[in-house]
Amino acid sequence: IAMAQRITIMIAGKSYELSAKTATEEHYIRLAAERINRSFALYSEKFSSVSDFDKLAFSALADTIVLLKLEKEKAELDSSLSALSSELDSYLKKIEK
């Protein structure tokens, strides 16, 4: 059993020590930190007088909106896939007769 690896990431200039159970998890943690930092930098450029907390809150809000839209789109695609699969099964049963 692999032990969790301790990693350090920076978010909005602050260092955070986390543990990653796998190399894949570490990769995603680092990608997420980079994305947060890019978003934070954009909000910093647009709203220099706003607190860092508020910039991070806006960043989280924007990313959550994107996530919700993607979840809705995935659910619609899953539904379409299920319908197509049913149609295919029905078609295959007809031609087997």
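Modeller: Strands are DSSP runs of E with at least two residues, numbered from the N terminus. On that footing, A12 has its place in the loop between β1 and β2. Please keep in mind that this is a predicted model.

Colleague: Thanks! What makes the phi of A12 worth a look?

Modeller: Most residues other than glycine have a negative phi. A12 is not a glycine, yet its phi is positive, at about 50 degrees.

Colleague: And why is A12 called partly exposed?

Modeller: The partly exposed class runs between the 20% limit for buried and the 50% limit for exposed. A12 has a relative accessible area of 22%, so it counts as partly exposed.

Colleague: Let's go on to the strands on either side of that loop. How do you know that R6 and E17 form a salt bridge?

Modeller: The cut-off is a side-chain nitrogen of Lys or Arg within 4 Å of a carboxyl oxygen of Asp or Glu. For R6 and E17 the N to O distance is 3.0 Å, and the pair is a salt bridge. R6 belongs to strand β1 (residues 5-11) and E17 to strand β2 (residues 14-20), so the bridge ties together parts 11 residues apart in sequence.

Colleague: Is E17 buried or exposed?

Modeller: Exposed means over 50%. E17 has a relative accessible area of 52%, so exposed is the right word.

Colleague: How many salt bridges turn up in the whole structure?

Modeller: Six. Among them is the one joining the side chains of R30 and E26, at 2.9 Å from N to O. Both of these residues are in helix α1, four residues apart, which is about one turn of the helix. Another joins D78 to K74, with the closest N and O atoms 2.6 Å apart. D78 and K74 are likewise four residues apart, in helix α2.

Colleague: Which accessibility class does each partner in the R30 and E26 pair fall into?

Modeller: Buried means under 20%. E26, with a relative accessible area of 17%, is therefore buried. R30, at 32%, counts as partly exposed.

Colleague: Now the two helices. Why are α1 and α2 called oblique to each other?

Modeller: The axes of α1 (residues 23-46) and α2 (residues 52-96) come within 9 Å and cross at roughly 120 degrees. Roughly perpendicular covers 65 to 115 degrees, and roughly antiparallel starts over 145. An angle of roughly 120 degrees falls in neither class, so α1 and α2 are oblique. The crossing of α1 past α2 is right-handed.

Colleague: Which residues of α1 and α2 meet there?

Modeller: On the α1 side they include I36, F40 and Y43, and on the α2 side they include K55, L56 and F58. The residues of this contact comprise seven nonpolar, three polar and four charged.

Colleague: What makes K55 buried?

Modeller: Its relative accessible area is 6%, below the 20% limit, so K55 is buried. Leaving aside neighbours within four places in sequence, its contacts are F40, Y43, S44, F47, S48 and V50.

Colleague: And how do you know whether K72 is buried or exposed?

Modeller: K72, which is also in helix α2, has a relative accessibility of 53%; the limit for exposed is over 50%, so K72 counts as exposed.

Colleague: How far is K72 from A20?

Modeller: Their C-alpha atoms are separated by 29 Å, and the two residues are 52 residues apart along the chain.

Conventions:
Residues numbered from 1 in each chain as written. Predicted model: local features only at pLDDT ≥ 70, side-chain atom pairs only at ≥ 80, totals over all residues. Heavy atoms only, no water. Axes fitted to C-alpha atoms, helices over the stretch in contact; angles between N-to-C directions. Parallel < 35°, antiparallel > 145°, perpendicular 65-115°, else oblique. Left-handed = near helix turned anticlockwise from the far one by under 90°. Contact = heavy atoms within 4.5 Å. Nonpolar A, V, L, I, M, F, W, Y, C, P; charged D, E, K, R; others polar. Buried < 20%, exposed > 50% of the residue type's maximum accessible area, 1.4 Å probe, protein only.
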